[in-house]
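Biologist: Could you take me through one part of this chain at close range, and then follow the links outward from there? I'd be glad of a connected account rather than a list.

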Amino acid sequence: GRDDADEQELASLEWLLLPALDDSRKGPVTLHKLLSRDPAFFVEMLVLHYRPHNRDKSKDKDAEPDENRKGQVNRAMEILHGWRLIPGTTAGGIDGKALVLWVKTSREKAEAVYRFIVCDITIGQMLAHSPGEGDGSWPCVPVRDLLELVDSEKMVHGFTNGIINKRGIVSRSLTEGGKQEQDLSVRYAGYATLVQTRWPRTATALRSIVAY
């Protein structure tokens, strides 16, 4: 909470102490901010956690990583899977141009290191944590614009999976039946109706949640 704290130093401390932050309510806040601002750091985490999609398995030197490497892989996984902060987020909302630029740069960097597929899936999963709009529609307009602009099935797939995974572990009474799922279907069908005219790709993704 200190105003004079150095962000890079905080990020380094969070990286080292990440296993101890598992039960923290806020998690690695500085690392997540860094992900949302720096495409190079985002791709660095992808490289740590995922193998290149075009690798020759017979020549894979990292088939059995040492303990230090395993620790880095696990840290990268925790950071990516706990990431909720949309790039371009400001005090006044989400800057759509900043979001598009971040995504464009990240995809270019990921393609250069053969992580293009996991890049799009991971971005889609993060977009599932978008805020809504004041009129009750969801996701927010900058996220809808991005999904329409970027013609990526993998990103949409990550987006829908992210929505489904947000539910976490589901509990219910013995006599409840499928009311929770019915309520969710009604909600996402309503979202799809609200956005279908201007954002058809987003509406299709939302309707796939209803079908699920």
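Biologist: Which residues does Thr30 touch, not counting residues up to four places away in sequence?

Modeller: Happy to! Please keep in mind that this is a predicted model. Thr30 touches Glu7, Leu10, Ala11 and Glu14, once residues up to four places away in sequence are set aside. Thr30 itself belongs to helix H2. With a relative accessible area of 8%, Thr30 is buried, because the cut-off for that class is under 20%.

One of the residues that Thr30 touches, Glu7, leads us to the salt bridges. Glu7 pairs with Arg37, and their closest N and O atoms are 2.2 Å apart. This salt bridge links distant parts of the chain, with Glu7 in helix H1 (residues 7-16) and Arg37 in helix H2 (residues 29-37), 30 residues apart. Glu7 has 31% relative accessibility and therefore counts as partly exposed. So Glu7 is partly exposed, whereas Thr30, which it touches, is buried.

How many salt bridges are there by this rule? The count comes to four, and two others are worth a look here. In one of them, Asp120 joins Arg107, with the closest N and O atoms 2.8 Å apart. Asp120 sits in helix H6 (residues 116-127) and Arg107 in helix H5, so this salt bridge ties together parts that are 13 residues apart in sequence. Asp120 and Arg107 are both buried. Between these two helices runs a loop that holds Tyr114. Its backbone deserves a glance: phi of Tyr114 is near 65°, a positive value in a residue other than glycine. That stands out because most residues other than glycine have a negative phi. At 43% relative accessibility, Tyr114 counts as partly exposed.

Helix H5 also has a packing partner. Two packed helices are described by the angle between their axes and the distance between the axes. For H5 (residues 96-112) and H7 (residues 141-149), the angle is about 40° and the axes are 9 Å apart. The two helices are therefore oblique to each other, and their crossing is right-handed. On the H5 side, the contact is made by Gly96, Leu99, Val100 and Val103, which meet Pro142, Val143, Leu146 and Leu149 of H7. By class, this contact has seven nonpolar residues, one polar residue and no charged residues.

On the way from H6 to H7 there is another backbone detail. The loop between those helices contains Pro139, and the peptide bond from Trp138 to Pro139 is cis, with omega near -5°. For context, most peptide bonds are trans.

After H7 comes the other salt bridge I had in mind. Arg201 pairs with Asp151, their closest N and O atoms being 3.3 Å apart. Here too, distant parts of the chain are linked: Arg201 lies in helix H10 (residues 200-211), and Asp151 in the loop between H7 and helix H8 (153-165), 50 residues apart. Arg201, with a relative accessible area of 29%, is partly exposed. Asp151, at 61% relative accessibility, counts as exposed.

To return to your starting point, Thr30 is a buried residue of 8% relative accessible area, and one of the residues it touches is Glu7, which forms the salt bridge with Arg37.

Notes: Residues numbered from 1 in each chain as written. Predicted model: local features only at pLDDT ≥ 70, side-chain atom pairs only at ≥ 80, totals over all residues. Heavy atoms only, no water. Axes fitted to C-alpha atoms, helices over the stretch in contact; angles between N-to-C directions. Helix = DSSP H or I, 4+ residues; strand = E, 2+ residues; numbered from the N terminus. Parallel < 35°, antiparallel > 145°, perpendicular 65-115°, else oblique. Left-handed = near helix turned anticlockwise from the far one by under 90°. Contact = heavy atoms within 4.5 Å. Nonpolar A, V, L, I, M, F, W, Y, C, P; charged D, E, K, R; others polar. Salt bridge = Lys/Arg side-chain N within 4 Å of Asp/Glu carboxyl O. Buried < 20%, exposed > 50% of the residue type's maximum accessible area, 1.4 Å probe, protein only.
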